[in-house]
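Thank you for asking me to look over this structure with you. My remarks follow as numbered points, and they are best read with the display open beside them.

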Amino acid sequence: MSDKPDVFEGEDPDNIYILDDDDGNSCRFLFLDLIDYKDREYVVLLSEEEAAKEESDVDILEVVPDENNAELENYLPVEDDDIIEAVFNIFAKNNKDSLDFC
């Protein structure tokens, strides 16, 4: 058991995603929002590592249905900076009253 405090303590367990990185390491993320943009869906997540910082960056991933199982989704990195900026701006507007954006 870790001596580090759980940065997601008190959060709804349904809002905590566990994703595997490219090296197969499991990483915990807090779900913040789901954004529809240009007929695609993007999830905005806060990593456990970022949540521990005073100023945090979010991760924006594209939600893509799994080709082999309709009940599963894949979360893919977004490479286009314009899409990242547009999705973040929508996220910031949707959450301006509940989150502090510096």
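In what order do the elements of the protein chain run from the N terminus on?

1. The order is β-β-β-α-β-β-α, read from the N terminus, and the whole comes to two helices and five strands. Please keep in mind throughout that this is a predicted model, and that each value below was computed from it.

2. On overall dimensions, the C-alpha atoms of the protein chain fill a box of roughly 40 × 35 × 25 Å along the principal axes. The protein chain has 102 residues, and buried residues make up 24% of them. About 7900 Å² of the chain is exposed, and carbon and sulfur atoms supply 43% of that area. Among contacts with a separation of 6 or more, 29% are between residues 24 or more positions apart.

3. Which residues lie nearest the centre of the largest pocket? They are Leu19, Asp21, Phe29, Asp59 and Leu61, out of a lining of 19 residues. The elements that give two or more residues to this lining are strand E1 (16-20), strand E2 (26-37), helix H1 (48-51), E4, strand E5 (73-77) and helix H2 (81-94). The volume of the largest pocket is about 520 Å³, and its lining residues divide into eleven nonpolar, one polar and seven charged. As background for a reader new to pockets, rolling a probe the size of a water molecule over the atoms shows where empty space is left.

4. Glu62 deserves a careful look, and the place to find it is strand E4, which covers residues 59-65. Is Glu62 buried or exposed? Its relative accessible area is 15%, and because the cut-off for buried is under 20%, Glu62 counts as buried. The side chain of Glu62 is joined to that of Arg40 by a polar contact of 2.8 Å. Leaving out residues up to four places away in sequence, Glu62 touches Arg40, Glu41, Tyr42, Asn74, Tyr75, Leu76 and Val78.

5. Glu50, which has its place in helix H1, can be treated by the same kind of reasoning. Its relative accessible area is 12%, which is under 20%, and therefore Glu50 is buried. When residues up to four places away in sequence are not counted, Glu50 touches Glu55, Ser56 and Asp57.

6. Two pairs of residues make a useful exercise in separating distance along the sequence from distance in space. Ile18, in strand E1, is ten residues from Arg28 in sequence, and their C-alpha atoms are 4.6 Å apart. Asp22, in the loop between E1 and E2, is ten residues from Leu32 in sequence, and here the C-alpha atoms are 22 Å apart. Leaving aside neighbours within four places in sequence, Ile18 is in contact with Ser26, Cys27 and Arg28. Ile18 counts as exposed at 59% relative accessibility, and Asp22 counts as exposed at 86%.

7. What is notable about phi of Lys38? Its value is near 50°, which is positive in a residue other than glycine, and phi of Asp39 is likewise positive, near 60°. Most residues other than glycine have a negative phi, so a positive value is worth a second look. Lys38 lies in the loop between E2 and strand E3 (40-47), and Asp39 has its place in that loop between E2 and E3 too. With a relative accessible area of 66%, Lys38 is exposed, and Asp39 counts as exposed at 84%.

8. The last residue I would ask you to inspect is Asp80, found in the loop between E5 and H2. Why does Asp80 count as partly exposed? Its relative accessibility is 37%, and because partly exposed covers what is neither under 20% nor over 50%, Asp80 belongs there. A polar atom of the side chain of Asp80 lies 2.7 Å from the backbone nitrogen of Asp82. Asp80 and Asn25, finally, are 55 residues apart in sequence and 25 Å apart in space, C-alpha to C-alpha.

Key:
Residues are numbered from 1 along each chain as its sequence is written. This is a predicted model: local features need pLDDT of at least 70, side-chain atom pairs count only at pLDDT 80 or more; totals for chains, interfaces and linings use all residues. Side-chain values use heavy atoms; hydrogens and water are left out. Helices (H or I, at least four residues) and strands (E, at least two) are DSSP runs, numbered from the N terminus. Buried means under 20% relative accessible area, exposed over 50%, partly exposed in between (1.4 Å probe, protein chains only). A polar contact is a pair of N or O atoms within 3.5 Å; within protein, one must be able to donate a hydrogen and the other to accept it, and residues adjacent in sequence count only if both atoms are side-chain atoms. Contact means heavy atoms within 4.5 Å. On a 1 Å grid over the protein atoms alone, a cavity is a set of points where a 1.4 Å probe fits but cannot get out, and a pocket is an open set with protein on both sides within 12 Å along at least five of seven lines; lining residues have an atom within 4 Å of a point. Grid points are joined across faces, edges and corners, and a volume is the space filled by probe spheres set on the points. Ala, Val, Leu, Ile, Met, Phe, Trp, Tyr, Cys and Pro count as nonpolar, Asp, Glu, Lys and Arg as charged, and the others, Gly among them, as polar. Accessible areas come from the Shrake-Rupley method with a 1.4 Å probe; for residues, only the protein chains shown count as cover.
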